[in-house]
Amino acid sequence: MLSIFDERFPAVYTVIFIVMTFILGAVIGSFLNVVIIRIPRHEPISGTHNRSHCMSCGHQLNALDLVPIFSYIFLGGKCRYCKSRISPRYWIVELITALTYTLSVMVLGLSISLVMAFVLIGALVAASGIDIDRMEIPYGCSIVIAGLGVIATVMSVITGDMPWYDHLIGAVAISVPFALLAMFGAMGGGDVQLMAAAGLLLGWKSIIPAAAVGIILGAIGGSIELLTVPKGTKKLAKEKSLEIAEQWYEQQKENDVYVLADKTEALYGSIFKGKSDIEDACIDPKCWNGTPDIAKLNEMLSAELSDVSKFGISIVLTSDKVTKVTCKRQVVFGPYLSVGIFTAYLFGNEIVSWYVDLL
């Protein structure tokens, strides 16, 4: 590693490195905004027919509209053409990417670890943005981080600075407990795969503080989210879901589709931004006479719960009735875990040493 604060460098070079890294981060952040929007929609992220445009009027944006961070400020947060308000999320993503790039070069200097940090930041920012928008973490982001983990494992074999098997232990040290929590609905599958990939990259010693930071931030942020839920929303969601589930199940029974007499079935999924997503995969064919119309159930829930967002839902059925409906507020956990992973990548060893000294 060659530190940019090395005394052999004139101070002006250090400033140039920092400024150039900030600009690079802002540009990458602008690209990540495109990734966050288009990947969940299965739209291409490049090409002459897919250039950036206003999400309201569709007008193609020119170069002056696309200057990272500053275009938003100069345009007053509005589209130049239709004057529609632009989400502040765009410049926030650009600023976060620029700042994390800059912090990385200051801590890691000019090194292979810095290049890997730039890729890691891109994957974490994209995963966090998509998780906020869709409550899901794409496999692609976790695969990129896992790829970095493979590189880190190979580098450990070459350099000997960490036993190579520490990376393999790291892949399961946190992801396995998270997987157990996911079985009870306390964690999403995307969070599990993200921590498995990050554990392979960081090793077991650093993935523990990564998880600790993520859990602490998640507890704080989740508490704030729960406190800001409009009063009566949870009760409304539960009552409406029960009513709709009962109507739907009566329709199924009219079509001779029902849960067998000695069986109990549980349907589960989520309601996000008014869209229900009860999962087909949760159906156990051995419990049913016939095949239940889950698409119809999702359609009915979405029509009646258009104002409900970020709720997990489970519906328990027996042969003759809906016995229980549960609605729980869900917290997007990916961004908090991403902060923990990035923090541990830069300062994991220091955090572990500090904690050991306390003991």
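Me: Is arginine 329 buried, exposed or partly exposed, and what is its relative accessible area?
Reply: The model is a predicted one. Buried means under 20% relative accessible area and exposed means over 50%. Arginine 329 falls in between, so it is partly exposed, with a relative accessible area of 27%.

Me: Which side chain does arginine 329 meet in a salt bridge?
Reply: The N to O distance of this salt bridge is 3.9 Å, and the cut-off for a salt bridge is 4 Å. Arginine 329 lies in strand S6 and its partner in helix H9, so the pair ties together parts that are 104 residues apart in sequence. At 15% relative accessibility the partner counts as buried. The partner is glutamate 225.

Me: Which residue of helix H11 does lysine 240 pair with across distant parts of the chain?
Reply: Lysine 240 is in helix H10 (residues 233–254), 64 residues apart from its partner. The two side chains meet in a salt bridge at 3.4 Å, N to O. Lysine 240 counts as partly exposed at 25% relative accessibility, and the partner is partly exposed with a relative accessible area of 45%. The partner in H11 is glutamate 304.

Me: Which residue forms a salt bridge with arginine 8?
Reply: The structure holds six salt bridges, and the one at arginine 8 has an N to O distance of 3.0 Å. Arginine 8 counts as exposed at 66% relative accessibility. Its partner counts as buried at 18% relative accessibility. That partner is aspartate 6.

Me: Which strands stand at the edges of the open sheet of four strands?
Reply: The strand order is S3-S2-S5-S6, with antiparallel pairing. An edge strand here has a single partner strand, so one side of it is left without a neighbour in the sheet. Neighbouring strands are turned by 20° against each other on average, direction ignored. The edge strands are S3 (275–278) and S6 (322–329).

Me: Over how many bridges do S2 and S5 pair?
Reply: Strand S2 covers residues 265–272 and strand S5 residues 311–317, and their pairing is antiparallel. Leucine 267 has isoleucine 315 in S5 as its bridge partner. The number of bridges between S2 and S5 is seven.

Me: Which residue in the turn of the S2 and S3 hairpin has a positive phi?
Reply: S2 and S3 pair in the antiparallel sense over four bridges, and phenylalanine 272 stands opposite lysine 275 in S3. Two residues lie between the strands of the hairpin. The residue with a positive phi, about 55°, is lysine 273.

Me: Which side chains of S3 are buried?
Reply: Side chains along S3 alternate between two faces. Lys275 and Asp277 point to one face and are not buried. Helix H11 (residues 294–304) lies across S2, S3 and S5, at about 150° to S3. The buried side chains of S3 are Ser276 and Ile278.

Me: At which residue does H12 bend, and by what angle?
Reply: Helix H12 (residues 334–358) has 25 residues, and a straight helix would reach 36 Å at 1.5 Å a residue. The end C-alpha atoms of H12 are only 29 Å apart. Buried residues of H12 include Tyr345, Leu346 and Gly348, and what covers the buried residues includes helix H3 (89–108) and helix H9 (204–227). The bend is at phenylalanine 347, by about 85°.

Terms used. Residues are numbered from 1 along each chain as its sequence is written. This is a predicted model: local features need pLDDT of at least 70, side-chain atom pairs count only at pLDDT 80 or more; totals for chains, interfaces and linings use all residues. Side-chain values use heavy atoms; hydrogens and water are left out. The expected span of a helix is 1.5 Å times one less than its number of residues. The bend at a residue is the angle between axes fitted to the seven residues ending there and the seven starting there. Buried means under 20% relative accessible area, exposed over 50%, partly exposed in between (1.4 Å probe, protein chains only). Contact means heavy atoms within 4.5 Å. Two strands pair if DSSP finds at least two bridges between them. Axes are lines fitted to C-alpha atoms, for helices over the stretch in contact, and angles run from 0 to 180 degrees between N-to-C directions.
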